[in-house]
Structures are given as structure tokens and as C-alpha cells.
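Dear colleague,

I am handing over the structure below, together with an account of what was found in it. Please keep it open beside this message as you read.

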Amino acid sequence: MARIKHTKTELKAQRDGLRRYERYLPTLQLKKQQLQVEMRQLESKIESRRADETRALDELKSWVRLFAEPVGLENYLRIEAVKTSEGNIAGVSIPVLDDVSFRRETPDLFLTPAWVDDGITMLEQLLRLRIELGILDEQHRCLGAELRTTTQRVNLFEKVKIPECSENIRVIRIFLGDEQTADVVRGKIAKGRSVEKVRSA
């Protein structure tokens with residue numbers, strides 16, 4: 001604990017500090033709760049998208065033997081643009097996926113196997129899921145970092161700053177009270193001596 005001065009000025013500074021910490025603490029606690037709720041919802045969404053990806057990959061397993069034929073699906077499907085914007089959750093900037101656009105070429109029905117159309121659709125679905133998961137993971141990272149910082153601040157205020165200020169106020173008040181009592185006693189002693197001097201004179 002830092003050394004404090006036992007003065008009325010320091011007492012006022014400690015009281016002001018305590019009021020400030022007690023005023024900001026509920027805001028930080030509210031932000032922490034909001035971030036925790038958002039993190040849970042985001043984790044649920046990520047889990048759901050991962051399940052979609054697993055289902056799509058399971059569906060793809062039945063096609064794996066067909067991919068042994070060299071077709072080159074990358075010639076028929078390309079990511080044209082990934083559009084994102086910036087969102088805000090509890091004061092935290094996060095990326096938000098707006099749209100993924102693909103450029104799709106129609107395969108020659110006479111030169112490609114019959115399954116190529118369905119293969120392109122499946123590939124598009126998987127690419128879209130991977131991009132969405134990437135954005136969701138980035139949101140999770142941003143919110144997680146802010147939640148850690150907010151939790152540290154809440155703990156600092158609750159467990160360190162508020163108890164420290166309260167204890168400092170208590171110590172200063174005791175010291176000032178003792179000093180005031182000592183002043184009264186010294187005054188009485190001085191008064192007693194002056195009365196004795198007057199009597200003896």
C-alpha cells in the first residue's frame with residue numbers, strides 16, 4: 001500500500017477517489033455482463049456454423065471418389081468479393097460479414113461429368129461457411145480481449161482500489177481524531193498552567 005499523508009487534503013482526495021471508483025464500478029460491471037452474454041451467444045453461433053460445416057463435409061464424403069476425376073472446380077468458382085462492415089458491441093469494434101459474392105462459370109455439359117454442378121454448389125457452401133467462421137472467430141477474439149480487460153478493471157476496483165481508499169480514509173480519520181484530541185488535551189494543560197501562573201502571581 002502506498003504511503004499516505006495524514007492531512008485533511010489527503011482525506012478529501014481519498015474520499016473523492018472512493019466516490020469515483022464507486023460511480024464507475026457499476027458501469028464496468030454492466031459492461032462485463034453484456035460482454036459475457038454476447039460471448040455466449042457468439043460461441044453458440046460458432047458452434048452452430050461448425051456443425052453446419054461438419055454436416056457439409058459429411059455430405060461431401062459420399063462425393064470424394066468422384067473428385068478422383070481431375071475436373072478443376074477452381075475454374076468454375078471464384079470468390080469475387082467478401083464485404084464486411086464494422087459493428088459495435090458494448091463499445092467494442094468488431095467485423096461483421098455483409099456478403100460473399102462468387103463468380104460462377106457454367107461448366108460445359110458435354111465436357112464435364114454430371115456431378116460438377118452439384119460439386120460447385122457444395123464448394124460454394126463450404127467456402128461461405130469458412131469465411132463466416134473466420135469472421136466469427138475474429139469477433140470472438142475482439143470481444144474476448146475486451147472482456148479480459150473489463151474483468152481486470154472490475155477486479156482492480158472491487159478488490160484493490162475501493163478497499164484501499166476505504167482503509168486510507170479510516171486511518172486518516174483516526175489520525176486526525178487523535179490529533180484533535182491531543183490538541184484539546186494540550187489546550188487544557190496550557191490553560192491549567194496559565195491559571196496556576198495567575199494564581200501564584
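To begin with one pair of residues, Tyr 21 and Phe 157 are both buried. They belong together for a further reason, since a search of the whole structure finds 1 aromatic pair. The ring centres of Tyr 21 and Phe 157 lie 5.0 Å apart and their planes stand at 65°, so the pair counts as edge-to-face. This pair links distant parts of the chain, with Tyr 21 in helix 1 and Phe 157 in helix 2, 136 residues apart.

Before going further, please bear in mind that this is a predicted model. The average pLDDT of the protein is 86, and 89% of the residues score at least 70. Among the elements, helix 1 (residues 8-61) has the highest mean pLDDT, 92, while helix 2 has the lowest, 87.

As for the overall layout, the protein contains 2 helices and 2 strands, which follow the pattern α-β-β-α when read along the sequence. Of its 201 residues, 29% count as buried, and the accessible surface comes to about 13900 Å², of which 52% belongs to carbon and sulfur atoms. Among contacts between residues at least 6 apart in sequence, 77% join residues at least 24 apart.

The salt bridges deserve a closer look, and their count comes to 12. One of them is formed by the side chains of Asp 16 and Lys 12, at 2.8 Å from N to O. These two residues, Asp 16 and Lys 12, are 4 residues apart in helix 1, which means that about one helical turn separates them. Asp 16 is partly exposed, with a relative accessible area of 25%, whereas Lys 12 is exposed, with a relative accessible area of 52%.

Other salt bridges run from one helix to the other. The side chains of Glu 132 and Arg 49 meet in a salt bridge at 2.7 Å, N to O, and this pair links distant parts of the chain, as Glu 132 is in helix 2 and Arg 49 is in helix 1, 83 residues apart. A further salt bridge, at 2.3 Å from N to O, brings together the side chains of Glu 53 and Arg 130; here too distant parts of the chain are linked, with Glu 53 in helix 1 and Arg 130 in helix 2, 77 residues apart. Glu 53 is buried, with a relative accessible area of 11%, while Arg 130 counts as partly exposed at 48% relative accessibility. In addition, salt bridges that share partners join Arg 49, Asp 52, Arg 55 and Glu 132 into one network.

Which residues does Gln 139 touch, not counting those up to four places away in sequence? They are Leu 42, Ile 94, Pro 95 and Val 96. Gln 139 itself is found in helix 2 (residues 116-200), and because its relative accessibility is 10%, it counts as buried.

Turning to the surface, Leu 109, Phe 110 and Leu 111 make a nonpolar surface patch of about 470 Å². One of these residues, Leu 111, lies in the loop between strand 2 (92-104) and helix 2. Is Leu 111 buried or exposed? Its relative accessibility is 72%, and since exposed means over 50%, Leu 111 counts as exposed.

With kind regards

Notes: Residues are numbered from 1 along each chain as its sequence is written. This is a predicted model: local features need pLDDT of at least 70, side-chain atom pairs count only at pLDDT 80 or more; totals for chains, interfaces and linings use all residues. Side-chain values use heavy atoms; hydrogens and water are left out. Buried means under 20% relative accessible area, exposed over 50%, partly exposed in between (1.4 Å probe, protein chains only). Contact means heavy atoms within 4.5 Å. Accessible areas come from the Shrake-Rupley method with a 1.4 Å probe; for residues, only the protein chains shown count as cover. pLDDT is the predictor's confidence in each residue, from 0 to 100. Patches are made of residues with over 30% relative accessible area and no salt bridge: like charges are joined within 9 Å, nonpolar side chains (Val, Leu, Ile, Met, Phe, Trp, Tyr) within 5 Å. A salt bridge is a side-chain nitrogen of Lys or Arg within 4 Å of a carboxyl oxygen of Asp or Glu. Rings of Phe, Tyr and Trp (its six-membered ring) pair if their centres lie within 6.5 Å; planes under 30 degrees apart count as stacked, over 60 as edge-to-face and the rest as tilted.
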